[in-house]
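Welcome, and thanks for taking a look at this one with us. Please have the viewer open while you read.

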Amino acid sequence: MGSRSPSRTERGATVASVGPPVTPDGGVRSSMLDMELIRKDREAVATALAKRLDPAEVNRALDEIQRLDQERRALITEIDAERQRRKAEARAYAQAKRAGTEPQVTAPETERKQLADLESQLDEVQARLRDAMSELPNLPSDDVLPGGKEANRVVKTFGEPPAIEKVRDHVELSRALGLVDYERGVKLGGSGFWMYTGVGARLEWALLNYFIDQHIRAGYEFLLPPHLLLDSAGFAAGQFPKFYDDVYHLDRESAPRGQFLLPTSETAILGAYQDEILETPKLPLKAFAYTPCYRRESAGSHSDERGTVRGHQFNKVEIFQFTLPEQADDALEEMLAHAESLVEGLGLHYQRTLLSAGDSSASMKKTLDIEVWMPSTGKYKEVSSVSWAGDYQARRAAIRYREPGGKQTRFVHTLNGSALATSRLFPAILEQFQQADGSVLIPEVLRDRMGTDRLTPLR
RNA sequence: GGAGACUUCGCCUAGUCUGGUCUAUGGCGCCGCACUGCUAAUGCGGUUGGGGUCUUAAAGCCCCUCCCGGGUUCGAAUCCCGGAGUCUCCGCCA
């Protein structure tokens with residue numbers, strides 16, 4: 001995979017090709033946004049993008065893209081014509097030879113060089129086009145508000161903050177109940193790691209199993225993917241190039257092909273279907289996966305991110321759907337309701353927030369967070385993010401379906417949602433269900449799995 | 001880690017030794033049509049995926065695609081080099 005130009009990551013490190021492993025011939029993956037839409041209705045694209053980017057910057061990027069697109073098509077026309085000529089000549093040569101006449105050879109040396117020149121020009125233009133395109137985020141959905149965090153809207157609330165006389169935070173509770181060994185976790189993995197112990201490990205596992213059971217019941221297929229993925233999967237999900245430096249990479253020595261530890265199993269589920277044409281009757285295709293998630297996360301700590309709230313490795317179950325475009329709305333609602341039913345099943349107070357354009361991740365048209373109440377900080381903390389990517393990820397991953405009746409292929413829509421991340425539910429459970437005597441009540445749905453209805457302090 | 005076999009348009013498969021008429025064979029599946037009271041069977045036709053061009057659209061035309069990348073050649077599924085993957089055997093190993 002040689003000729004692709006290096007791309008720059010956010011922190012300025014030059015990395016070798018994080019692009020898709022396809023020929024740079026303008027294949028299906030060459031656009032992240034629909035190039036035809038940019039050609040036909042640039043205004044609409046610019047307006048949508050301006051919800052999350054500086055308008056001047058958007059215009060500059062679109063100018064560049066359209067210029068490269070034109071250049072690309074001009075080169076292709078030229079190259080195709082040249083190839084056609086040479087094919088015709090080769091055929092004439094063969095015919096002449098068969099007929100016994102002396103075949104004509106026409107200055108092949110210079111011609112070949114000329115064609116090679118054009119081809120390398122095209123390679124370069126396409127690499128630049130792809131780089132420019134892959135920097136562009138998805139077009140936010142119509143109902144998503146422009147702006148940053150301040151434009152997020154709470155759209156739903158479930159339950160009430162529990163009345164707790166003297167709130168103890170989850171770190172204190174975990175220690176007192178013997179659930180998490182922070183010190184030994186650091187001894188093993190360095191700062192940013194912890195170790196669940198004893199009943200803490202059981203609680204963690206019970207949560208995961210509760211989710212898994214519910215997803216199976218809801219018709220999602222259970223996947224346990226590799227945790228080490230090829231770069232192409234990171235690109236497809238839209239995590240690369242932007243977050244290239246935020247994941248753990250193996251060194252060239254041990255992984256010559258470039259592999260990284262997945263930051264979420266979303267990357268794996270999407271990547272699993274790269275380059276495939278899904279059977280239309282099987283859509284929506286529903287799958288979920290459990291994996292730990294590995295993230296570098298910037299160093300430093302906030303008072304409201306103590307304990308297990310933010311770390312380099314945490315457990316998450318991820319639900320995912322591949323749908324027809326017209327099924328996406330319903331799927332989003334279904335996934336949200338499903339994820340929320342898990343939190344409700346645990347009896348936790350939470351709210352649903354519709355994220356603004358600027359606060360949603362770049363690959364998504366629309367994102368809703370499920371945020372659970374943390375008594376110790378008096379804030380809500382995200383335990384799930386449910387998103388609709390439209391065809392953005394499907395384009396990058398080349399995942400299509402066939403139009404019924406017609407034989408045209410189209411890109412599927414993808415949706416994903418955490419369901420759920422335990423590292424924040426765990427503290428929320430401890431804090432919301434703490435009792436005056438220092439014990440913590442176990443949510444009913446976990447009691448069978450835990451073999452107890454209450455966690456009591458170690459003596 | 002070592003040795004060998006292999007990778008062809010959804011699946012199976014012919015073609016690779018001996019480069020051109022491969023513009024890729026045949027079967028299965030799928031789609032359409034015909035026949036039949038219905039089903040089955042049969043017959044005929046279609047069926048890789050991309051890109052470019054033209055068009056209101058469709059059709060057409062052109063280019064690429066025989067695992068990937070490079071090379072040789074007027075011309076590569078076919079020859080050469082590098083890589084990936086699969087299988088078999090051997091070795092090693094939590």
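The report below goes from confidence to domains and then to one sheet with its helices.

**Confidence and overall make-up**

What you see is a predicted model. The average pLDDT of chain A is 88, and 90% of its residues score at least 70. One stretch deserves some care: residues 1–26 have a pLDDT below 50, although in the model this stretch still makes 45 contacts beyond near neighbours in sequence. Where pLDDT is low, the predicted coordinates should not be read in detail. For the complex, the predictor reports an ipTM of 0.89 together with a pTM of 0.90.

Chain A contains 13 helices and 19 strands. It has 459 residues, of which 40% count as buried. If you take the contacts in chain A between residues at least 6 apart in sequence, 73% of them join residues at least 24 apart.

**Two domains**

According to the domain assignment, chain A holds domain 1 (31–135) and domain 2 (149–455). Their C-alpha centres are 41 Å apart. Where the two meet, five residues of domain 1 are in contact with six residues of domain 2. On the domain 1 side, the touching residues comprise one nonpolar, two polar and two charged.

**The eight-stranded sheet**

Now for a sheet worth tracing strand by strand. This open sheet has eight strands with mixed pairing, in the order β3-β12-β13-β14-β17-β11-β10-β6. At its edges are β3 (153–158) and β6 (221–223), each of which pairs on one side only. From one strand to the next, the twist averages 25°.

Within this sheet, which sense does the pairing of β11 and β17 take, parallel or antiparallel? The two strands, β11 (residues 313–323) and β17 (residues 413–421), run antiparallel and share seven bridges. As one example to find in the viewer, glutamate 318 has serine 418 in β17 as its bridge partner.

**Helices on the sheet**

Two helices can be placed against these strands, and the table sets them side by side.

| Helix | Residues | Strands touched or crossed | Angle |
|---|---|---|---|
| α10 | 328–346 | β3, β11, β12, β13, β14 and β17 | about 5° to β17 |
| α12 | 422–432 | β11, β13, β14 and β17 | about 35° to β13 |

Helix α10 lies across its strands, among them β12 (350–354), β13 (366–374) and β14 (379–390). Helix α12 packs on the sheet, and β17 is one of the strands touched by this helix.

How values were computed:
Residues numbered from 1 in each chain as written. Chains lettered and ligands numbered in written order. Predicted model: local features only at pLDDT ≥ 70, side-chain atom pairs only at ≥ 80, totals over all residues. pLDDT = per-residue confidence, 0-100. Contact = placed C-beta atoms within 7 Å. Helix = DSSP H or I, 4+ residues; strand = E, 2+ residues; numbered from the N terminus. Buried ≥ 20, exposed ≤ 12 C-beta atoms within 10 Å, placed from the backbone. Domains from an automatic or database assignment. Nonpolar A, V, L, I, M, F, W, Y, C, P; charged D, E, K, R; others polar. Pairing = 2+ DSSP bridges. Axes fitted to C-alpha atoms, helices over the stretch in contact; angles between N-to-C directions.
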